[in-house]
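The following paragraphs lead through a protein model step by step. Please keep the sequence and the three-dimensional view at hand while reading.

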Amino acid sequence: MTYILHLAPASLSGYNTCAKATDGCKMACLNTAGRGGMFKKGENTNVIQKARIRKTKMFFENRETFMALLIKDIELAIKQSAKINMIPVIRLNGTSDIAWEKYGFSYNGMEYNNIFELFPEIQFYDYTKILGRKITAINNYSLTFSAADGNDNDVTKAIMQGYNIATVFGIKKTLPMPETYNGLPVFNGDESDLRFLDPKGVVVGLYAKGPAKKDTSGFVKYPTIMLQAA
Ligand code: SF4
């Protein structure tokens, strides 16, 4: 059971939650996919957008309350999942790219280096465009590097560092993923969101969704697909 925290991406809240956001990814961001992008006629915001902005401001302005609420929510997720015999897994950067490993806090009189330390039995995972995040010692946090417009050099370095590369392809869902991309085998990342279970050394192919379907910035990649004759 995946639980996702959605904050306001890039600088929408007045605080930057995506240090390596690109023009293309900001345009194609999942922040306005699904219900987050449904606005009443004549309006350009909704309760979902307002909640994401409110939570993001709380993260930067009142960290103690934010962390207390986050912990409460994670505890609720654990209980809720247990009731239906599911394993909870958590993505904290649904629409942000915060280096959670850097944010320590105190809880019940104890100091924790980060949220992962408080819940060692829970698997956390995220996508990131930030290279060099210090997570190797954190066994319950998995990161997949995200390709975007203009971050080819970082993608090359990320591959060398052993990351899988999430790549959004501008192909219809009815078409198969390309077999390889950038010299790596492509793994269909849309069959499940459980990135920590992916094989290593792959491009995680994702079909373009929401505003990404119209992207021309270079964020969405257009591979050549060889179709086999029937
Ligand atoms: S880095 Fe990710 S969350 Fe941030 S704007 Fe780009 S796509 Fe959205």
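The model is a predicted one. A convenient starting point is its largest pocket, which holds about 740 Å³ of space. This pocket is lined by 35 residues, and those closest to its centre are L30, R91, G94, Y127 and S146. Several elements of secondary structure take part in this lining: α1, β5 (123-128), β7 (165-169) and β10 (203-207) each give two or more residues. The largest share among them, three residues, belongs to α1. Sorted by class, the lining of the largest pocket contains 18 nonpolar, nine polar and eight charged residues.

The second largest pocket has a volume of about 380 Å³. It is lined by 17 residues, of which L5, L69, L70, D73 and I74 are the closest to its centre. Here the elements that contribute two or more residues are β1 (2-4), α2 and α3 (63-83). Helix α3 gives the most to this lining, with eight residues. In terms of class, the lining of the second largest pocket divides into 12 nonpolar, two polar and three charged residues.

The discussion now turns to the sheet. Eight strands form an open sheet, and their order across it is β1-β2-β5-β6-β7-β10-β9-β8. The pairing within this sheet is mixed. The strands at the edges are β1 and β8, each of which pairs on one side only. As a general principle, the strands of a sheet pair through backbone hydrogen bonds, either parallel or antiparallel.

Within this order, where does strand β6 (residues 141-146) lie with respect to burial: is it enclosed or open? Six of its six residues are buried, so β6 is largely enclosed by the rest of the structure. "Buried" here means that a residue has under 20% relative accessible area. In a regular strand, side chains alternate between the two faces of the sheet. Strand β6 can be read in this light: Y141, L143 and F145 point one way, while S142, T144 and S146 point the other way, and all are buried.

Strand β6 has a partner on each side in the sheet order, β5 and β7. Strands β5 and β6 run parallel and are joined by five bridges. One position to locate in this pairing is Y125, which stands opposite S142 in β6. Strands β6 and β7 also run parallel, and two bridges join them. On this side, S146 has A166 in β7 as its bridge partner. S146 has already appeared above, as one of the residues closest to the centre of the largest pocket.

Helix α5 (residues 152-160) may be considered next. Its residues D154, V155 and A158 are buried. These three cover an arc of only 105° around the axis, which puts them on the same side of α5. What do the buried residues of α5 pack against? They pack against β6 and β7. The face of the helix turned away from its buried side carries the exposed residues D152, N153 and M160. Just after α5, G162 takes a positive phi of about 95°.

The other end of the sheet order brings in β8, β9 and β10. Strand β8 (residues 180-181) and strand β9 (residues 184-188) pair in the antiparallel sense over two bridges. Y181 has L184 in β9 as its bridge partner. Together β8 and β9 form a hairpin with two residues between them, and N182 in the turn has a positive phi of about 55°. On its other pairing, β9 meets β10 in the parallel sense over three bridges. In that pairing, F187 stands opposite V204 in β10.

A final stop is the residue A33, in the loop between α1 (23-28) and α2 (47-61). Which residues does A33 contact, leaving aside its neighbours within four places in sequence? They are G210 and P211. The next example shows how the chain brings distant parts of its sequence together: A33 and A212 are 179 residues apart in sequence and 8.9 Å apart in space, C-alpha to C-alpha.

Note on methods. Residues are numbered from 1 along each chain as its sequence is written. This is a predicted model: local features need pLDDT of at least 70, side-chain atom pairs count only at pLDDT 80 or more; totals for chains, interfaces and linings use all residues. Side-chain values use heavy atoms; hydrogens and water are left out. Helices (H or I, at least four residues) and strands (E, at least two) are DSSP runs, numbered from the N terminus. Contact means heavy atoms within 4.5 Å. On a 1 Å grid over the protein atoms alone, a cavity is a set of points where a 1.4 Å probe fits but cannot get out, and a pocket is an open set with protein on both sides within 12 Å along at least five of seven lines; lining residues have an atom within 4 Å of a point. Grid points are joined across faces, edges and corners, and a volume is the space filled by probe spheres set on the points. Ala, Val, Leu, Ile, Met, Phe, Trp, Tyr, Cys and Pro count as nonpolar, Asp, Glu, Lys and Arg as charged, and the others, Gly among them, as polar. Buried means under 20% relative accessible area, exposed over 50%, partly exposed in between (1.4 Å probe, protein chains only). Two strands pair if DSSP finds at least two bridges between them. The arc is that of the directions from the helix axis to the C-beta atoms.
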